[in-house]
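Here is a small set of exercises to work through with the model open beside you. Try each task before you read its solution.

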Amino acid sequence: SPSGIRGIGRGKHMYVAITGGTGFIGSHCVAHAVASGHRVRMLVRNPGKARIALDVHGVDRSAVDIAIADLTDAPALRAGLEGVDAVLHVAALFSFKASDGPSMRRINPAATEVILDSARDIGLDPVVYVSTVGVFMPPRGINLSADDDPSTGCGPYTDSKIAAEQVARRHQSEGAPVTCVYPGGVIGPSDPSPELSDSMATLRDMLRGSVVPFPAEIRMGWVDVRDVARVCVGALEPGRGPRRYLVSGEMVSMGDFTELFTTLTGRRFRHLSPPAPVMLGLGHAFEAAGRLLRRRLPLNAEIGRLFAGSVRSGGWETADESPAAEFGYPGHTLEETLGTTIRWLHANGHFADRHAGHLAT
């Protein structure tokens, strides 16, 4: 039985519960964990989406157990951790809708607390928690490290993840075997969501046009989803105590990023470069337009605050990702990742031929 896998030593295969396995990062984690020989139990709200995610990645459904556990259902989350060795907590509520702000602020830290508290009570080791570089926004310096203190937040999502981060760091300070992973803007192939994940949808919307609504000087990291999964699954080793891994991706300016897109596709872009107060105003305007049009736009109030903070501070120039090198990170260059992402978006109907340019052939 799967529970018979419990207790296998360091570096061996484990029985791991994974939340968020129907999403972008989570589905890649499930696929990578199965490919690495681990037994997986997916804790999901919708079993149908779980099966779709497995099919997207070509994972044999019989290799994965599926348990129903909503992020708001504490007893189901705890029950989902019984009988496994470790947990990889990827799930989080994310929305661009202003009306969902209170739910994000409530659910994300509460679910993280339930999972980490339950894992500690049961004795799971390790407990891998997927955070975000958003917990360090707005930037407080030019050099980013996983050991930096969380920042002040820029809106409902980053506020909720900062609150969840405080839960994880409390467990770490008490010696619990909690590992935190901090991805940047995550892109790559095989997104199981028809609407695409947040970073992928932002990339799609930004590059469908010819005018990018972000200043060219803004710096951010873009990371391959397969590299994030490699680190998350690689961290499934017991006996190593609290750890933190920054996987922000290569820090580049938005101008350099779109220039790379130009190199790959042959298309050219103009950047809007408004001052910070105008950036904030644009964020609110885009959010209002999105509500009116009932569609997702590449900018909202929280992103406006994120970028305005980056403009004011100058953004990060470097990021210390060296601890993740033990897992072979990074496995892809930004150019490789962006090329793969464009081809996948085009092949799956998210980019027209004119958007993919040279890569459409």
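The exercises below concern a predicted model, and each one comes with a worked solution.

**Exercise 1. The seven-stranded sheet**

Find the strand order of the open sheet of 7 strands, and work out which strands stand at its edges.

*Solution.* Start with the order, which reads β3-β2-β1-β4-β5-β7-β11, with parallel pairing. Next, look at the ends of that order: β3 (64-68) and β11 (243-247) each have a single partner strand, so one side of each is left without a neighbour in the sheet. From one strand to the next, the twist averages 20°.

Now zoom in on one pair. Strand β4 (residues 86-89) is joined to β5 in the parallel sense by 3 bridges, and V87 stands opposite V127 in β5. Finally, look for a helix on this sheet: α2 (residues 47-56) lies across β2 (39-44) and β3, and runs at about 155° to β3.

**Exercise 2. The three-stranded sheet**

Describe the pairing in the open sheet of 3 strands and identify the helices that pack on it.

*Solution.* The order here is β8-β10-β12, and the pairing is mixed. β8 and β12 (250-253) are the edge strands, each pairing on one side only. Neighbouring strands are turned by 40° against each other on average, direction ignored.

For the antiparallel part, take strand β10 (residues 219-224) and β12, which are joined by 4 bridges; G221 stands opposite M251 in β12. Two helices can then be added. α6 touches β8 and β10, with its direction at about 80° to that of β8. α8 touches β10 and β12, and its direction makes about 95° with that of β12.

**Exercise 3. A helix pair**

Decide whether α8 and α11 are roughly parallel, roughly perpendicular or oblique to each other.

*Solution.* First take the geometry: helix α8 (residues 254-265) and α11 pack at an angle of about 60°, with their axes 10 Å apart. Roughly parallel needs an angle under 35 degrees, and roughly perpendicular one of 65 to 115. The two helices are therefore oblique to each other, and their crossing is right-handed. To see the contact itself, display F257, L260, F261, L264 and T265 in α8, which meet L334, E335, L338, G339 and I342 in α11.

**Exercise 4. Checking a helix**

Test whether the length of α5 fits its number of residues, and ask how enclosed the helix is.

*Solution.* Helix α5 (residues 156-173) has 18 residues, which at 1.5 Å a residue should span 26 Å. Its end C-alpha atoms are 26 Å apart, so the two values agree. As for its surroundings, 13 of the 18 residues are buried, so α5 is largely enclosed by the rest of the structure. Just after α5, G175 takes a positive phi of about 90°.

**Exercise 5. Backbone exceptions**

Locate the cis peptide bonds at P138 and P330, then examine phi at S190 and L196.

*Solution.* Begin with the general expectation: most residues other than glycine have a negative phi, and most peptide bonds are trans.

- The bond from M137 to P138 is cis, with omega near 0°, and P138 lies in the loop between β5 (127-130) and β6 (143-144).
- The bond from Y329 to P330 is also cis, with omega near -5°; P330 sits in the loop between β14 (318-319) and α11 (334-347).
- S190 has a positive phi, near 60°, and L196 has one near 75°.

S190 lies in the loop between β8 (185-187) and α6 (198-208), and L196 is found in the loop between β8 and α6 too. Are these residues buried or exposed? With buried set at under 20% relative accessible area, S190 at 17% is buried, and L196 at 8% is buried as well.

Note on methods
Residues are numbered from 1 along each chain as its sequence is written. This is a predicted model: local features need pLDDT of at least 70, side-chain atom pairs count only at pLDDT 80 or more; totals for chains, interfaces and linings use all residues. Side-chain values use heavy atoms; hydrogens and water are left out. Buried means under 20% relative accessible area, exposed over 50%, partly exposed in between (1.4 Å probe, protein chains only). Two strands pair if DSSP finds at least two bridges between them. Axes are lines fitted to C-alpha atoms, for helices over the stretch in contact, and angles run from 0 to 180 degrees between N-to-C directions. Contact means heavy atoms within 4.5 Å. The expected span of a helix is 1.5 Å times one less than its number of residues. Angles under 35 degrees count as roughly parallel, over 145 as roughly antiparallel, 65 to 115 as roughly perpendicular and the rest as oblique. A crossing is left-handed if the near helix is turned anticlockwise from the far one by less than a right angle, and right-handed if clockwise.
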